[in-house]
Amino acid sequence: MSGTVAVAITKRFPGFTLDVRWEAEQSVLGLFGPSGAGKTLTLQCLAGLIRPDTGRIVVGERVFFDAAAGVDLSPQQRRIGYVFQGYALFPHLTVWKNIAFGLQGRPRADRTRRAAEVIERLGLRGLEQRYPRELSGGQRQRVALGRALAIDPALLLLDEPLSALDAPLRRALRDELREILSGWGTAAVVVTHDFTEAYRLADRIVVYEDGRIIQSAPRSELLWQPASEAVARIMGLSNLLHGTVVKAMPDRIQIAWRGHMLEAVNSPTRSYLPPPDSPIAFFIRPEYVRLIRKDRSAPDAHHMNLMRGRIVGEADFGTVWSLRLRLDTPGAPAQGDFDLEVEVPHLVYEILEIERDRQWEFSIHRGSIHVLPT
Amino acid sequence: MDFFPLWLSVRVALSATALTLLSGVPLAWLLARKRFPGRHALEAVVVLPLVLPPTVLGYYLLVVIGYRGPLGRALAAIGLELAFTPGAAVLAACVGSIALVIKSAQAGFETVDGQLEQAARTLGRSEWSVFWSVTLPLAWRSVLAGTVLAFCRALGEFGITLMVAGNIPGRTQTLPLAIYDRVQANQMGEANALALIAVGIVVVLLFGLSRLARLRY
């Protein structure tokens, strides 16, 4: 078991500079961001496969790298479990030999016991004599994990652990991986460009963009309070919009947008007070837009941020419909040919007969409009 | 019929192949995995023996190992002579065939995913162990193919051998030189027999190689 992981490094390449600093407690940390942002590079620096230009890397009590003090442990000395993207299993070795690969140097009996234990715990019994090419994607992932965990790593690094898998398998294995990570209790760093994956696997998430860190927060805080428009964009949030501040108070913000005045809750942790008329970015989660039923009484005061619009596009995602709404107010739509993306479950789509009826009135609770600091 | 040229050629080719393996494989690994100044120059030099006329190679080799050459004099000082000995034939075969081992092994090493070697390092294996347990087992087919080609090439070496080892019957006359001699002397029956033996050896080796190449790891 290890304590904290502290990384503060820079690495310069032509046209790209990595400059990151983060710390992680004994838990699973997610490095999240678009490809090319420096996430994998950070893992390689942690594992000793690439040497940073400056900085310090400390895992638990051990200093892995310290440019100022001239410390740079070799990958062999670091004892880090690295699960590579695509797994990098040794194709010429059986499952057993892959898992026992890092145990060389231990007494034979010890090696056999440890490999058998790992194979048992990861549910790989019966596959010992298979070669990687004879395994399914999920089994390969477990072999890669087992090979890394067998050496009792001080830290486990996982680079896009699910990207080699098909979509249906990804979901199942994401949960399985989460179980394994919490079951083994090893501190881990997971790299992913998929927010759902980061959210499911990690307790804390560090957001990378272009070699820098633009937010570092517990996962739920990141989900509800992205620190900036850049973070929201990388998270792939829909309905990322721009308006003008009418009035900002510690608990509420009024925003002028597309001919409407929207009422939004101010961020509870970082109350944000821009002056009137300044530009402001905000986002609205598509599943929090309420279509108003026409067979019920007219909308009343508890329907906040009431607007009217027309459905100009829709897409069936199996369990939900994604609708594109264009407001009736004049002016250019906010997102190309539409203003808002709205998500409704299939059942609701059918009950409301949305297929037939294209003109709707809808409301958005002020708690569902999230302002983004600039 | 005199079988001396055949046995000499086999011995020379085996020794030369062993030497090219020992020096060519590390060089191939260096070219495939390391970045160092002069790498491109070295890569060009390595192919030279394939494209230069053998007599030109033989000439320069003779300049180096002849009794007035730098290496020749150094050897003479300790009482050894290389030029016009079977040893010179081995050297000639090495020079003529080493490029085949290097190029083939290098190509093999380059196809090994560097990430597998990285994985082995994170699992605590030394560079030496990474080579023997990952790189070589994944590239052995290319190394073996290069080795067999080099052996065949060494067996058939003519021009360089003639220049540096001469054509001394019973001492440095290898199979290809003997065939040339028999033809010159109009002994077509013997020339024919020796040529068939040479073809036979090479065909068997190449056939064996193609069978082996179908094996996995």
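A residue counts as buried when its relative accessible area is under 20%, as exposed when that area is over 50%, and as partly exposed in between. With that in hand, here are some exercises on this predicted model.

**Exercise 1. Work out what share of each chain is buried, and describe the surface that is left.**

Start with chain A: of its 374 residues, 52% count as buried. Its accessible surface comes to about 17100 Å², and 50% of that belongs to carbon and sulfur atoms. Now chain B: it has 217 residues, of which 43% are buried. Here the accessible surface is about 10900 Å², with 69% belonging to carbon and sulfur atoms.

**Exercise 2. Set out the secondary structure and overall dimensions of the two chains.**

Count the elements first. Chain A has 10 helices and 21 strands, while chain B has 10 helices and 0 strands. Reading chain B along the sequence therefore gives nothing but α, as α-α-α-α-α-α-α-α-α-α. Next, the boxes along the principal axes: the C-alpha trace of chain A spans about 80 × 50 × 35 Å, and the C-alpha atoms of chain B fill roughly 65 × 45 × 30 Å.

Then look at contacts between residues at least 6 apart in sequence. In chain A, 64% of these involve residues 24 or more positions apart; in chain B, the figure is 71%.

**Exercise 3. Find how the charged side chains are distributed.**

Take the counts, then the centres. Chain A carries 47 positive and 44 negative side chains, and the centres of the two sets are 5 Å apart. Chain B carries 17 positive and 10 negative ones, with centres 6 Å apart.

**Exercise 4. Check the length of helix H5 (residues 137-149) of chain A, then say what covers it.**

Step one is the ruler. The expected span is 1.5 Å times one less than the number of residues, so the 13 residues of H5(A) should span 18 Å; the end C-alpha atoms are 18 Å apart, and the two values agree.

Step two is burial. H5(A) is mostly covered, with 11 of its 13 residues buried. Among them are A:Gly138, A:Arg142, A:Leu145 and A:Leu149.

Step three is the neighbours. Within chain A, the buried residues of H5(A) pack against strands S7 (80-83) and S8 (155-159), plus helices H3 (95-99), H4 (108-121) and H6 (167-184). H6 of chain B joins in too.

**Exercise 5. Compare the settings of A:Glu160 and A:Glu353, two non-glycine residues with positive phi.**

Begin with the background: most residues other than glycine have a negative phi. A:Glu160 has a phi of about 45°, and A:Glu353 one of about 50°.

Now place them. A:Glu160 is in the loop between S8 and H6 of chain A. A:Glu353 is in the loop between helix H10 (346-351) and strand S20 (359-364) of chain A.

Finally, apply the cut-offs. A:Glu160 has 6% relative accessibility, so it is buried. A:Glu353 has a relative accessible area of 40%, so it is partly exposed.

**Exercise 6. Judge how confident the predictor is, overall and in chain B.**

For the whole model, ipTM is 0.84 and pTM is 0.83. Chain B averages a pLDDT of 92, and 99% of its residues score at least 70. Going element by element in chain B, helix H4 (residues 70-77) has the lowest mean pLDDT, 87, and helix H6 (residues 114-122) the highest, 96. That H6 is the chain B helix from Exercise 4, against which buried residues of H5(A) pack.

Definitions and conventions:
Residues are numbered from 1 along each chain as its sequence is written. Chains are lettered from A and ligands numbered from 1 in the order in which they are written. Side-chain values use heavy atoms; hydrogens and water are left out. Helices (H or I, at least four residues) and strands (E, at least two) are DSSP runs, numbered from the N terminus. Buried means under 20% relative accessible area, exposed over 50%, partly exposed in between (1.4 Å probe, protein chains only). Contact means heavy atoms within 4.5 Å. Accessible areas come from the Shrake-Rupley method with a 1.4 Å probe; for residues, only the protein chains shown count as cover. Lys and Arg count as positive and Asp and Glu as negative; His and the chain ends are not counted. The place of a charge is taken as NZ of Lys, CZ of Arg, CG of Asp or CD of Glu. pLDDT is the predictor's confidence in each residue, from 0 to 100.
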